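Me: Got a minute to go through this one with me? I'd like to talk about a strand pair and then the pockets.

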Amino acid sequence: MGDLLIGTRKGLFLLRDGDVRGPLLTGWAVFHAVNVGETIYAATNSFFFGATVQRSDDGGETWERAESLGLPEETGLTLAQVWHIEPAGDGQLLLGAEPGVLFSSEDGGATWQVNEALLSHPTRERWQPGAGGLCCHSIQLAPNGTLYIAISAAGAFRSEDGGESFVPINKDVAADFLEETYPEVGQCVHKLLLHPARPERLWQQNHCGVYRSDDRGDNWERLDKNGLPSGFGFGLALDPASPDAAWVIPEEGAENRVVAGGRMGAWHTTDGGASWSLEADGLPEPAWTGVLREGASFDADGAYFGTQSGSVFARRHDGDRWNEVARQLPPILSVEAWR
Amino acid sequence: MALVLLPRQLENEAGGRRRFDVEAETLRGALEALPVADLLFDERGTLRPLVHVFVDGADARDELESPLAPAATVRIVAAIAGG
């Protein structure tokens, strides 16, 4: 199975060649970490000292903090938390952050420029923060350069001009908590993923259901009525070799954010969400924990998720059980497969 | 020069140091001269809410623009908070 970067409330842990190393970046809550070659980037937040991005070129031994990261004064906004870093190729990095903003860096994470189109998006006044704040948490890039982002609770957006403009792509995605159930924007996306082998296919775990789009987000089909115990959840993982396969980890609901049915359950589809089956061999029962929005990942070998109770589970795509590959870590905020 | 003492949480971020001799006319100037200034202030120059500053033992959080005596000891303290 692959190596993992595990972000926790108390630093970063690396799972490499079966060994857990850490904590690194002690004192920081690591909302997400990702590697580009041997360089590691981490989106870190502190109760006391704000939000920043850290970079390590030596496997986590030493770290360099971003030189500048903030929002222009004229916006009246200030950076609250950083959520997700996505390598965009050609040395570029993208960073999703609260309050519903996207940054890019051309110098390896030293300096960051805010995306003006999203910052001044005409629908911004209709965005409302979810429990995690107005967080831009999902950033997906298609091979043709199409950029997808998702913000809770603003919805999903697509850019086909390199981030110069963003179009809402939330048709038929529910926002049950609003007066208007199917608005243009305001949906509470919990995680958005693009299938790497079929980039026009998007999967979405939402506050109000699980969805799939086969046309780049123009239309969405709701899938959680097809056998899932709940439409509410955060973790979402795919299989690069099978566009019809996906994993979700349903929770009881918005008012009780623990795994559904009092057990750690990963639900699997191999038919594009037409049906789901509980695949729980190797997972604990009873369990009353949860998996956060950055808490699941995948690579060519398998799927992975980390729990708020500090365990990481891994399962081969061709396997039949989950294995606990790390335990007794601090509450896990993110799991990312080493790329 | 004033002596500025950092909390342990900032030691790594400050290159492994917790003591800095700083020459500055004001308390704000002394804090802004530190390699962790971006962690103490937000992008508007506002001291973050859970960062406390004491000058010679006295709370100076609201006195950032006050003159700083050359022999002053400035202690930065992270609030008792967290989980």
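Me: In what sense do β16(A) and strand β17 of chain A pair, and over how many bridges?
Reply: Bear in mind that this is a predicted model. The two run antiparallel, β16(A) against β17(A) (residues 202-206), and five bridges link them.

Me: Which residue stands opposite A:Leu202?
Reply: That's A:Leu194, so to speak facing its partner in β17(A).

Me: And is strand β16 of chain A mostly covered or mostly open?
Reply: Mostly covered: six of the six residues in β16(A), which spans 189-194, are buried.

Me: OK, pockets. What volume does the largest pocket have?
Reply: About 1200 Å³. Its lining counts 48 residues, and the closest to the centre are A:Arg9, A:Ala29, A:Phe31, A:Phe47 and A:Gln81.

Me: Which strands supply at least two residues each to that lining?
Reply: In chain A, β4 (29-36), β5 (39-46), β6 (50-56) and β8 (81-89) each do.

Me: How does the lining of the largest pocket divide by class?
Reply: There are 22 nonpolar residues, 17 polar and nine charged.

Me: What about the second largest pocket, what's its volume?
Reply: About 540 Å³. It has 24 lining residues, with A:Glu86, A:Gln140, A:Phe298, A:Glu336 and A:Arg339 nearest the centre.

Me: Which strand gives the most to the lining there?
Reply: β8(A), with four residues. β16 of chain A is also among the strands that supply at least two residues each, as are β12 (135-141), β25 (296-298) and β29 (332-337).

Me: And the classes in the lining of the second largest pocket?
Reply: 14 nonpolar, four polar and six charged.

Key:
Residues are numbered from 1 along each chain as its sequence is written. Chains are lettered from A and ligands numbered from 1 in the order in which they are written. This is a predicted model: local features need pLDDT of at least 70, side-chain atom pairs count only at pLDDT 80 or more; totals for chains, interfaces and linings use all residues. Side-chain values use heavy atoms; hydrogens and water are left out. Buried means under 20% relative accessible area, exposed over 50%, partly exposed in between (1.4 Å probe, protein chains only). Two strands pair if DSSP finds at least two bridges between them. On a 1 Å grid over the protein atoms alone, a cavity is a set of points where a 1.4 Å probe fits but cannot get out, and a pocket is an open set with protein on both sides within 12 Å along at least five of seven lines; lining residues have an atom within 4 Å of a point. Grid points are joined across faces, edges and corners, and a volume is the space filled by probe spheres set on the points. Ala, Val, Leu, Ile, Met, Phe, Trp, Tyr, Cys and Pro count as nonpolar, Asp, Glu, Lys and Arg as charged, and the others, Gly among them, as polar.
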